Amino acid sequence: MINYGKHSIDKLDEKAVIKTLRSKNITQGSEILRFEKNLSKFFGSKYASVLSSGTAGLHLTAKALNWKRGDIVFCSPITFLASSNSIIYQDSTPIFIDINLENYNIDPNLIEAKLKKKNIKKSAKAIIATDFAGHPCDWEALKYLSKKYNLKLINDNCHAIGAEFKNNLKYAQKYADFVIHSYHAVKNITTGEGGAVLTNSKYYKNKIDELKSHGVIKNIDKTSPWKYEMINLGLNYRMTDIQASLGISQLKKLNKFLKKRRDTADLYNILLSDMNYCKLPTIKNNVKHAYHLFPILIDFNKININKSQLFKIFKKNNINLQVHYIPIYRQPYYKKMFKYSPKDFPNSEKFYNQEVSIPIFSDINKSTIHKVVRILKKYIQ
Ligand SMILES: Cc1ncc(COP(=O)(O)O)c(C=O)c1O
C-alpha cells in the first residue's frame with residue numbers, strides 16, 4: 001500500500017542509531033545537545049529544544065507564554081488538531097480564522113478584522129500560523145499584526161521544514177517568536193516521533209527546557225550536588241539520544257529530500273496541467289515550497305464521482321489518499337466546547353469539500369507518480 005507520506009531511512013541513519021544504542025547515554029546525553037546545535041545553525045535560531053513531539057512543542061510554548069482562561073489565540077482551522085489543542089490545554093480560547101484559497105494559509109486580513117473588536121483586542125495574546133503543506137504564510141503581514149497588537153507569533157512549521165520565504169531558508173525564525181517542528185515519520189525529516197521549539201529568546205529556551213523535564217532545575221547548590229528543585233509543574237517531553245542521532249543524520253539529508261519532493265511536485269504539475277476540474281498548488285513569488293503535502297482541489301460537482309468513490313478507486317489500486325484536513329471546528333469535541341459555525345469559514349468549507357492529498361515523499365518512484373496521474377485522468381477529466 002502506498003500512503004500519502006513515508007519516511008526515508010538509509011544505512012547512514014541505521015549506523016548513527018546503532019552507535020548511540022551502544023554508547024553510554026541513550027537519553028539525556030550529548031546527542032541531544034548536538035542535534036539542538038545543528039538545528040539552530042541550519043534554521044538560523046539562537047536556540048533549539050528538542051522534544052518528544054511537535055505537540056509537546058506547541059504545548060510547552062503555550063505553557064511558557066502562560067496563557068490563561070479568558071485569553072484568546074488565533075489559529076487556522078485547516079491544520080492538525082495539535083495547533084489549536086495547545087490553546088485549550090491552557091484553558092484559553094482558540095479563535096479560528098478562515099484561510100485564503102491561494103495557498104490555504106490563515107488570512108491576516110481576517111485576523112485584523114477580528115482585532116478591531118474591542119473585547120477581542122484586549123484578550124488576544126498570540127497567533128499560531130501553520131505553513132500549510134509546506135507553503136509559508138504571509139509572514140510580513142503576520143509580523144505587522146504582531147507588532148501593532150502586541151501578539152506573540154508562533155510558526156507551526158511542522159509541514160514546512162526546509163521551505164523558503166523571500167529566498168530565505170531561515171525565514172521562520174526571522175518572523176516568529178517560536179518555531180515548532182515535528183519529526184513524525186511522514187515529515188520532511190524524521191526521528192520516528194519527535195519535535196522541537198526554535199527560538200531566539202534565552203528566557204524561553206530555558207523555560208521550555210525546564211518544563212520538558214518536570215519543571216525541575218539542577219546544579220543549584222555546589223555544596224549539595226544531589227539537590228534539585230521543582231519550580232514549576234512540568235512534564236516529561238524529552239527526546240531520547242537514539243532519536244536525536246537519527247535526527248542529526250536526517251538533517252544532513254534534508255536538502256536531498258527537498259529536491260526529491262520538489263521534483264515530484266514538478267512532475268505532478270506537468271502531468272496534471274491539462275486537468276479541468278483539478279486545482280494544483282499555487283506558489284507565491286519568492287516562496288520555495290517544502291511539499292510535505294501535495295494538496296489538490298477537485299471540483300466534485302463537475303465530475304461523475306464523489307470523494308468517497310475516488311478514495312475507493314485509489315484503494316483498489318493500492319494507494320491510500322488522505323484529506324488534510326477536516327476543519328477543526330467540525331470536530332465533535334470542538335462542537336461541544338465552542339460555538340463555531342461552518343458558515344463563518346466559507347473558504348475552509350470549500351477547501352474541505354474539494355481537497356485530496358496525493359502521495360508525495362522523497363522515496364516515491366516515477367511509476368507511482370504516473371499511476372496516480374493515470375487514475376486521476378481516467379476519473380476526473
Ligand atoms: C501542522 C502540524 N502541527 C502539529 C503537529 C504535531 O506534531 P506531532 O505529530 O509531532 O506531535 C503536526 C503533526 O502531525 C502537524 O502536521
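**Exercise 1. State how far apart the centres of domain 1 and domain 2 lie, and describe the contact between these domains.**

Solution. The centres of domain 1 and domain 2, taken over C-alpha atoms, are separated by 26 Å. The assignment for the protein chain places domain 1 at 11–252 and domain 2 at 254–380; such bounds come from an automatic or database domain assignment. To the contact, domain 1 contributes 32 residues and domain 2 contributes 27 residues, where two residues are in contact if their C-beta atoms, placed from the backbone, lie within 7 Å. On the side of domain 1 that touches domain 2, the elements giving two or more residues are H4, strand S6 (164–165) and helix H10 (241–252). Helices (H or I, at least four residues) and strands (E, at least two) are DSSP runs, numbered from the N terminus. The residues on this side of domain 1 comprise 16 nonpolar, 11 polar and five charged. In this division Ala, Val, Leu, Ile, Met, Phe, Trp, Tyr, Cys and Pro count as nonpolar, Asp, Glu, Lys and Arg as charged, and the others, Gly among them, as polar.

**Exercise 2. Establish how much confidence the model carries.**

Solution. This is a predicted model, in which local features need pLDDT of at least 70 and side-chain atom pairs count only at pLDDT 80 or more, while totals for chains, interfaces and linings use all residues. Residues are numbered from 1 along each chain as its sequence is written. The pLDDT is the predictor's confidence in each residue, from 0 to 100. For the protein chain its mean is 97, and 100% of the residues reach 70 or more. Confidence is lowest in helix H6 (residues 118–123), with a mean of 94, and highest in S7, at 99.

**Exercise 3. Describe the sheet of seven strands and the helix that lies across S7.**

Solution. The seven strands form an open sheet of mixed pairing, in the order S1-S8-S7-S5-S4-S2-S3; two strands pair if DSSP finds at least two bridges between them. Strand S1 (47–51) and strand S3 (93–96) each have a single partner strand and stand at the edges, so one side of each is left without a neighbour in the sheet. From one strand to the next, the twist averages 20 degrees. Within this sheet, strand S7 (residues 178–182) and strand S8 (residues 195–199) pair in the antiparallel sense over five bridges; phenylalanine 178 has threonine 199 in S8 as its bridge partner. Helix H3 lies across S1, strand S5 (152–156), S7 and S8, and runs at about 155 degrees to S7. Here axes are lines fitted to C-alpha atoms, for helices over the stretch in contact, and angles run from 0 to 180 degrees between N-to-C directions.

**Exercise 4. Identify the surroundings of the ligand.**

Solution. The ligand is surrounded by 14 residues, of which the closest are Ser53, Gly54, Thr55, Phe80 and Ser182; a residue is near a molecule if its C-beta atom, placed from the backbone, lies within 6 Å of it. Helix H3 (54–64) and helix H4 (81–89) are the elements that give two or more residues to this shell. By class, the shell has three nonpolar, 10 polar and one charged residues.

**Exercise 5. Locate two notable backbone positions, tyrosine 325 and asparagine 150.**

Solution. A cis peptide bond, with omega of about 5 degrees, joins histidine 324 and tyrosine 325. Tyrosine 325 belongs to the loop between helix H12 (307–316) and helix H13 (332–337). Asparagine 150 is not a glycine, yet has a positive phi of about 55 degrees; this asparagine lies in the loop between helix H7 (139–149) and S5.
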